Amino acid sequence: MESILARALEYTLKYWLKSFSRDQFKLQGRTVQLSNLDINGDALHASVGLPPALNVTTAKVGKLEIVLPSVSNVQIEPIVVQIDRLDLVLEENDDIDAPTSSSSAQTSASAAKGSGYGFADKIADGMTLEVRTVNLLLETHGGARRQGGATWASPMASITFRNLLLYTTNENWQVVNLKEARDFSINKGSIYVFKKLEWESLSIDLLPHPDMFSDAHLACSQEGSSRKDEDGAKRVFFGGERFIEGISGEAHITIQRTELNSPLGLEVQLHITEVVCPALSEPGLRALLRFFSGLYVCLNRGDVNPNAQRSMESAGRSLVCIIVDHIFLCVKDVEFQLELLMQSLFFSRASISDGENSKCLTRVMIAGLFLRDTFSRPPCTLVQPSMQAASDDILHIPEFGKNFCPPIYPLGDERWQFSIGPPLICLHTLQLQPSPAPPKLASQTVIDCQPLMVYLQEESCLRITSLLADGVIGKSGSVLPDFSINSLLFSLKGLDVTVPLDIGKPQYDSRSGVADFRCPFAGATLHIENLFFSESPSLVLRLLNLEKDPACFCLWEGQPIDSSQKKWTSGASLINLSLETSSHSAGMSSHLWRCVELKGACLEAAMGTVDGRPLMNIPPPGGIVRVGVACQQFLSNTSVEQLFFVLDLYAYLGRVSERMAVVGKTNRNMEVPNESLGGTLIEKVPGDTALSVALNDLRLRFLESSSGDCLGPPLVQFSGDDLLIKVTHRTLGGAIMISSSIGWESVEVDCAETENNLPHENALKLASDKKGPMSGNGYPHLRAVFWVQNRKNLHENSRAVSVPFLNINVVHVIPYDAHDVECHSLNVSACIAGVRLGGGMSYAEALLHRFGILGPDGGPGEGLTRGLEKLSGGPLSKIFKASPIVDELRDSRKSGNVEDEKQNTALQLGAPDDVDVLIELTDWLFAVEGEEEIAERWQFNSEHASREDMCWHVTFQNMLVKAKSSPKHLMNDERKFHGKQKYPVELVTVGVQGLQILKPLSQMGSLENGVGNKQIVETCGVNTEVDIVISQDDDDGGAQWVVNNLKFSVKQPIEAVVTKDEFHYLALLFKSEVESMGRIAAGILRVLKLEGSVGPAAISQLSNLGSEGFDRIFTPEKLSRGSSPSSIGFNLSSDTNGGIRDSCLESTLSSLEEMVLDSQAKCAALTSEIGSPEFSAENLRNVKKLSQKLESMQKLLMRLRTQI
């Protein structure tokens, strides 16, 4: 029996050890001692189930001692193998196709494994292994060697186990005698071996890769450990650091074999109660992330052939699970401190291999995640689960993850399985190795996340972005080959992103660095529901409608799928942006103001190369690009404070983005330059591009400023339905065609009612005691000033189709070469139908004053001035800056580089040679409303559908504006054109049909007579048409426009019936409109700062256009010899207009005296009542009226100074 036992041990040792001979095996009683042994790496690789990309380069045993049981108990008691020190080195194999050496003894032993389950196998399976110290050195490359980045090489991990114990148990992981443990396999059809692994201490040290010390970038940074890169990050200096220390744990191992002892399955379930890393430096954290990235690349390399490292002892099915109850990671650096807490981390990797191909299913689940920044003051939580109620949904498992492989452990799921409900983050990934050729998917990934809360603290975000850019973001082709195709589905049920921003800090001011006002907002909150992102070449994109696009035939459903195609889709059911009010603001409590809300937002994109090469660059040069954006509803509530804050927030995010770009600069410099990015501009852009934007419901509300704890009343409300924008770009044989179209079904603009006592005495006076109707929320009703009345057109199938409000089509053809300039054409077609304009210039002027655009003196208001200053120094000012392409063109011109300038000739062709513009205005109506119309509308509470019947209005059925570069007939028939035309537009035709001026009708009259714009026939009104052509008869060669043809016609008799009172009212209304128009024009000139060029006299005439401006215009000052044309103003002659000036002065002085007396009386009354308890809201209204009187007095004083 002893000889049989010795032969069994010799058989086992030959399998595990290299160059083992019988002379080394000396049995001393029941003990065998061996030393300085080399373990067979192939046997260890196959038995442990290591990934194919890892090689066991070194496996040495210091001292090995075997303790045998008594001969009578050898069947029930285990053989104990004691090892004092085991050294292992695992290294990633870069050349995966290189053959691995295997000894003949290993081959013969492996062949014998499938001959049956004999005595030696039973003895080996029952052994107990005790190892005092296990030193494992793990070296992964992560693709860095192939890409040339020694500085960013993945660090090595030195893993140390102490007091490791591996022993055999029964199926319930209980220690029993070996015979009882083997009895479980009876009548099971397979041989099961259950083992339990325990260790007292686990330590992991991260060591710098040897290649790092040979890097030139590292050599120049050895001056000190505190040296930083340009972005302030400590990247290079890393001398090694302990990551984990003193972690205990256990593992359950299930080995399944066939009845002939051939390997069938291996399952390892490892459980660790707690992992604590109390203090990790910033360089250590960067090294840790690079290590995990390298390990990920090593495990998931798509160029691995499973048969390259597979031996006869490798199991066809394997499952490795790691469960960690709690993980605490603390990063402590001088200027950077983070705390990471994870609860219930579950990681599993299942693999099925047939020798040639393998499938790997990876699952990662996290029950809870908290990331805190403890360096900022006060400390803040950057990432945490949402405060919403936990979802009751069950765990979602994708189809490829269901029934992936038969279970290995025979008694069902282990007790360590993840069973605490839906996890916070759940990831499923299926990968095929080696990567198959299309149309098979090389990998499929599904990520599900429960609601999260994110706090974007600037410095922490920059550091985290730097960490991700350095170690986590992998390079293209490092995991999967370029020819492979993959799919990804990411879903997030909810996301709350908080962006803090203190406007009071100097660094957040967009221009001067010091805030000029106290902003009531402290930050913004972005709330997203049901966010998803999907990438797969087999996606069906409903929004893009690729099936009806002939250029995208390769992207049609049913076409072959390969790596030259990519499709994406992303969207969310709700996106809400709210502004957080400052708790320290006067009269305000800290809460959220809803600013912007999007419902049903969706983005789809599809791209493809034209030559079938893998799509590596986005967008593909010369390829096909289709992008579609759709939104069901867009709502916005914005005041002046909100607008300014959003601009500051946009500028803040822009600065943070620029700093993030600097953070990733070093990482980008590592990348190998892509040769496909070179070449001319034409070679870089896609050959066929299309972009579409669809918006079903648009609602914009501009609110009045409010200092209270609630939103102010709405001033302007803009609503629109069914907006569609399309832009296409196609590269033709010798030109580029850019076409765009805009379609809009209906639009409406409503404005708040304004007080009509404007600060000028000649305005049309309305009764100030009349109050408009109030809405349910206490705010006055809005007044429609712009709306659309869609008409119905009958098509051939007798279906009524609504005519859209706006329909614009533009086609621009740009040739590559400047010699083909005759092919440079522009075609514009626009149709605007059903427009209704209400109000008038007086109402528009009142709105401009109320909005703060115009001040009391007629110049730019304080709010507009402040807004322009912010816009000029804010982020929107970058829109008007030259793009990098234009800058390169300008630099090439300055440097005289002819080649670069020739490559961009398409950017300097000038005006198009062939221009065809058609603008059609159909069914327009202008309504001018005065005091009587407003009172009547308030009385009847009528809507804007019949407002045109209650006021004077102008309407026309059709207006056409045509502009062409080549007129059919010219004034001089003998003139011929040769080559490029001198002027792009040489013929302009303007025609109006159905022009009418209608007076208001009473309510009863309009109902009885049926007169209104809805009953107007197309043949009514005046028709005019004028042709204007360009003439080149000027000696100086300048463009001279002359009228070539004028048509005037009336198809129906015109009847004009106006009473004296109506005519007088119309004159007053016209005078008021002209005055308002002049003051608005003067204000616009002052806003644009053109008063110096126009002159103060012209500004004064525009401001008094209705009263004395006409007299000044028609009696200009005569030109004297000593005057110049630039100094001539339209001044009044003292001889002819002295009486008019005296009357104007008298009127101004009378009005001023009356206002002064009235103001004095009100001041006296307020002085006497301000101390009484009856001082109520009526007195507050008197104060408001007094303030308006004083503003009017200021206006009159300025006018008096101008007249004098």
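Mentor: In this predicted model, a residue is called buried under 20% relative accessible area, exposed over 50%, and partly exposed in between.

Trainee: Why is Glu245 called exposed?

Mentor: The relative accessibility of Glu245 is 52%, and because the class of exposed residues begins over 50%, Glu245 belongs in that class. Arg242, by contrast, has a relative accessible area of 37%, so this residue counts as partly exposed.

Trainee: What makes the contact of Glu245 and Arg242 a salt bridge?

Mentor: The criterion is a side-chain nitrogen of Lys or Arg within 4 Å of a carboxyl oxygen of Asp or Glu, and the side chains of Glu245 and Arg242 meet with an N to O distance of 3.5 Å, so the pair qualifies by that cut-off. A search of the whole structure finds 21 salt bridges, and another of them joins the side chains of Lys196 and Glu198 at 3.8 Å, N to O. In that pair Lys196 is buried, with a relative accessible area of 13%, whereas Glu198, at 26%, counts as partly exposed.

Trainee: How do you know that the salt bridge between Arg699 and Asp721 links distant parts of the chain?

Mentor: The side chains of Arg699 and Asp721 meet at 3.5 Å, N to O; Arg699 lies in strand S24 (residues 688-703) and Asp721 in strand S25 (residues 714-731), with their positions 22 residues apart in the sequence. Both have values that fall between the two cut-offs of 20% and 50%, since Arg699 is at 27% and Asp721 is at 26%, and each is therefore called partly exposed. Elsewhere, salt bridges that share partners join Asp549, Arg626, Asp688 and Arg730 into one network.

Trainee: Why is Ser746 called buried?

Mentor: Ser746, in strand S26 (residues 735-752), has a relative accessible area of 15%, and because buried means under 20%, the residue is buried. Leaving aside residues up to four places away in sequence, Ser746 touches Ser719, Gly720, Asp721, Val788, Asn790 and Phe805.

Trainee: What makes helix H8 largely enclosed by the rest of the structure?

Mentor: Of the 18 residues of H8, 14 are buried, and the helix is therefore described as largely enclosed. For its length, 18 residues at 1.5 Å a residue should span 26 Å, and the end C-alpha atoms of H8 (residues 282-299) are 26 Å apart, which agrees.

Trainee: How many aromatic pairs does a search of the whole structure find?

Mentor: The search finds 15 aromatic pairs. One of them is Trp924 with Phe926, whose ring centres are 6.0 Å apart and whose planes are at 45°.

Trainee: Why is the pair of Trp924 and Phe926 called tilted?

Mentor: Centres within 6.5 Å make a pair, and planes under 30 degrees apart count as stacked while those over 60 count as edge-to-face; because 45° fits neither of these, the pair is tilted. The rings of Phe926 and Phe956, with centres 6.4 Å apart and planes at 35°, are tilted by the same reasoning. That pair also links distant parts of the chain, with Phe926 in strand S33 (residues 914-928) and Phe956 in strand S34 (residues 952-964), 30 residues apart. As for accessibility, Trp924 is buried at 13% and Phe956 is buried at 5%, while Phe926, at 31%, counts as partly exposed.

Definitions and conventions
Residues are numbered from 1 along each chain as its sequence is written. This is a predicted model: local features need pLDDT of at least 70, side-chain atom pairs count only at pLDDT 80 or more; totals for chains, interfaces and linings use all residues. Side-chain values use heavy atoms; hydrogens and water are left out. Helices (H or I, at least four residues) and strands (E, at least two) are DSSP runs, numbered from the N terminus. Buried means under 20% relative accessible area, exposed over 50%, partly exposed in between (1.4 Å probe, protein chains only). Contact means heavy atoms within 4.5 Å. The expected span of a helix is 1.5 Å times one less than its number of residues.
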